[in-house]
Amino acid sequence: MHRVVALVRPPQSTFELGCAAQVFGIERQGLPARYSFGVCTERPGPVATLAGYDMLVADGLDALDQAQTVIVPGWLPTGEPPSSAVVEALRRAHARGARVVSICSGAFALAHAGLLDGRRATTHWAQAGEFAERFPRVQLDPDVLYVDHGDVATSAGAGAGFDLCMHLLRTDQGARYAAHVARTMVMPPHREGGQLQYTPPRPAHIDDTLAPLLEWVTARLDEPMSLETMAAHAGVSPRTLTRRFTDQLGTSPGQWLLSQRIAAAQDLLESSDLPLDTIARRVGLSSATNLRRRFLNALATTPGAYRRTFHEIPARPH
């Protein structure tokens with residue numbers, strides 16, 4: 001069991017903590033449990049929350065010494081640095097090989113501990129100016145939803161905490177496992193684009209939603225699919241469709257389509273023994289050679305290595 005421990009402090013945001021707890025702390029029917037989840041704080045006892053109630057946290061900082069993943073689900077107020085004890089606990093966990101993760105303003109705690117120096121990181125767009133001014137040695141990227149270095153990861157605003165936690169789940173357990181978890185939460189296993197698509201001003205155009213088109217394309221991944229084909233189905237010009245993708249998803253139609261094809265290939269690699277050429281044709285990538293190239297560029301691994309890591313082994317009959 002992979003041990004995940006969230007480090008909380010008053011006043012704790014319940015949503016940021018809930019992101020981590022919902023992904024790593026819930027047992028789901030039909031899915032093997034792969035994580036154990038706990039919460040700790042510097043001073044065990046009642047911890048005030050932003051929601052108007054206290055929660056009782058029994059474990060202190062020594063709980064981080066048993067964690068394989070440490071999550072800091074927000075750090076408020078951002079102007080108050082963590083104590084030397086918290087800084088030392090975070091550094092100690094990282095030094096022994098634990099993955100250290102922040103959600104939203106939790107990046108401030110990681111930056112104070114020096115874990116982000118010289119590295120790319122992100123935080124909530126509304127706190128980006130303050131963060132950049134206070135931590136000039138950190139390469140702040142205010143657009144992306146999350147940044148993952150393997151040993152250290154940061155997410156943007158609170159909702160992006162789900163994106164990062166799902167990414168970590170997908171990295172640990174494979175796309176099929178992550179997709180099952182996402183379905184139980186009624187949310188996408190992977191959200192496209194960056195956080196700038198959510199910054200104000202962002203007028204809503206409900207009538208321009210891409211949802212019907214995305215569903216139509218996803219059901220036809222094995223077919224040739226050009227920008228012109230998608231635009232014609234949506235009844236708009238290619239230029240208008242590209243603008244809507246940028247506004248609503250923060251990415252281009254071509255990049256979105258490629259990500260869907262790679263995700264479908266991941267699922268087939270995990271759940272079937274189909275040859276690579278067959279998988280490539282089913283997801284619209286034409287050949288095993290193209291599948292390997294696209295897979296390597298997107299995931300930094302090969303289809304064969306991915307299958308060896310995440311392929312499902314059928315249960316033996318009793």
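Me: Leaving aside neighbours within four places in sequence, which residues is Phe131 in contact with?
Reply: This is a predicted model. In it, Phe131 is in contact with Ala107, Phe108, Ala111, Leu116, Thr123, Val138 and Leu140.

Me: Which residues touch the most other members of the largest nonpolar core?
Reply: Phe131 is one of them, along with Leu7, Leu64, Leu90, Leu110, Leu115 and Leu116. That core has 30 residues.

Me: Which elements give two or more residues to this core?
Reply: Two strands and two helices: S1 and S5, plus H2 (84-95) and H3 (106-112).

Me: And what lies apart from it?
Reply: Another core, of 27 residues. Ile103, Ala153, Cys165 and Leu169 are among them. As a general point, nonpolar side chains in soluble globular proteins tend to be buried together.

Me: Switching to the sheet. What is the strand order?
Reply: S2-S1-S5-S6-S10-S9. The sheet is open, has 6 strands, and its pairing is mixed.

Me: Which strands stand at the edges?
Reply: S2 (35-41) and S9 (146-148). Each has a single partner strand, so one side of each has no neighbour in the sheet.

Me: How many degrees does the twist average from one strand to the next?
Reply: The average is 15 degrees.

Me: Take S5 and S6. Parallel or antiparallel?
Reply: Parallel, over 5 bridges. S5 covers residues 69-73 and S6 covers residues 99-103.

Me: What is the bridge partner of Pro73 in S6?
Reply: Ile103. Ile103 is also among the residues of the 27-residue core.

Me: Which helix packs on the sheet and touches S9?
Reply: H5, residues 158-173. H5 also touches S1, S2, S6 and S10 (152-155). Its direction makes about 155 degrees with that of S6.

Me: Now H1. Which strands does it lie across?
Reply: S1 (2-8), S2, S5 and S6. H1 spans residues 14-24 and runs at about 155 degrees to S2.

Me: Where does Gly18 lie?
Reply: In helix H1. Gly18 is partly exposed, because its relative accessible area is 27%, which falls between the 20% and 50% cut-offs.

Me: How far apart are Gly18 and Pro73, in sequence and in space?
Reply: They are 55 residues apart in sequence. C-alpha to C-alpha, the gap in space is 8.6 Å.

Me: On to the backbone. What is the peptide bond from Pro10 to Pro11, cis or trans?
Reply: Cis, with omega near -10 degrees. Pro11 is in the loop between S1 and H1.

Me: And from Leu76 to Pro77, cis or trans?
Reply: That bond is cis, with omega near -5 degrees. Pro77 sits in the loop between S5 and H2. In general, most peptide bonds are trans.

Me: What about Cys104, what is its phi?
Reply: Near 55 degrees, so a positive value in a residue other than glycine. Most residues other than glycine have a negative phi.

Me: Where is Cys104 found? Buried or exposed?
Reply: Cys104 is in the loop between S6 and H3. Cys104 is buried, because its relative accessible area is 5% and the cut-off is under 20%.

Me: And Ala300, what is its phi?
Reply: About 60 degrees, positive although Ala300 is not a glycine. Ala300 is placed in the loop between H12 (288-299) and H13 (303-310).

Me: Is Ala300 buried or exposed?
Reply: Exposed, at 66% relative accessibility. The cut-off for exposed is over 50%.

Key
Residues are numbered from 1 along each chain as its sequence is written. This is a predicted model: local features need pLDDT of at least 70, side-chain atom pairs count only at pLDDT 80 or more; totals for chains, interfaces and linings use all residues. Side-chain values use heavy atoms; hydrogens and water are left out. Two strands pair if DSSP finds at least two bridges between them. Helices (H or I, at least four residues) and strands (E, at least two) are DSSP runs, numbered from the N terminus. Axes are lines fitted to C-alpha atoms, for helices over the stretch in contact, and angles run from 0 to 180 degrees between N-to-C directions. Contact means heavy atoms within 4.5 Å. A nonpolar core is a set of buried Ala, Val, Leu, Ile, Met, Phe, Trp, Tyr and Cys residues joined through side-chain atoms within 4.5 Å. Buried means under 20% relative accessible area, exposed over 50%, partly exposed in between (1.4 Å probe, protein chains only).
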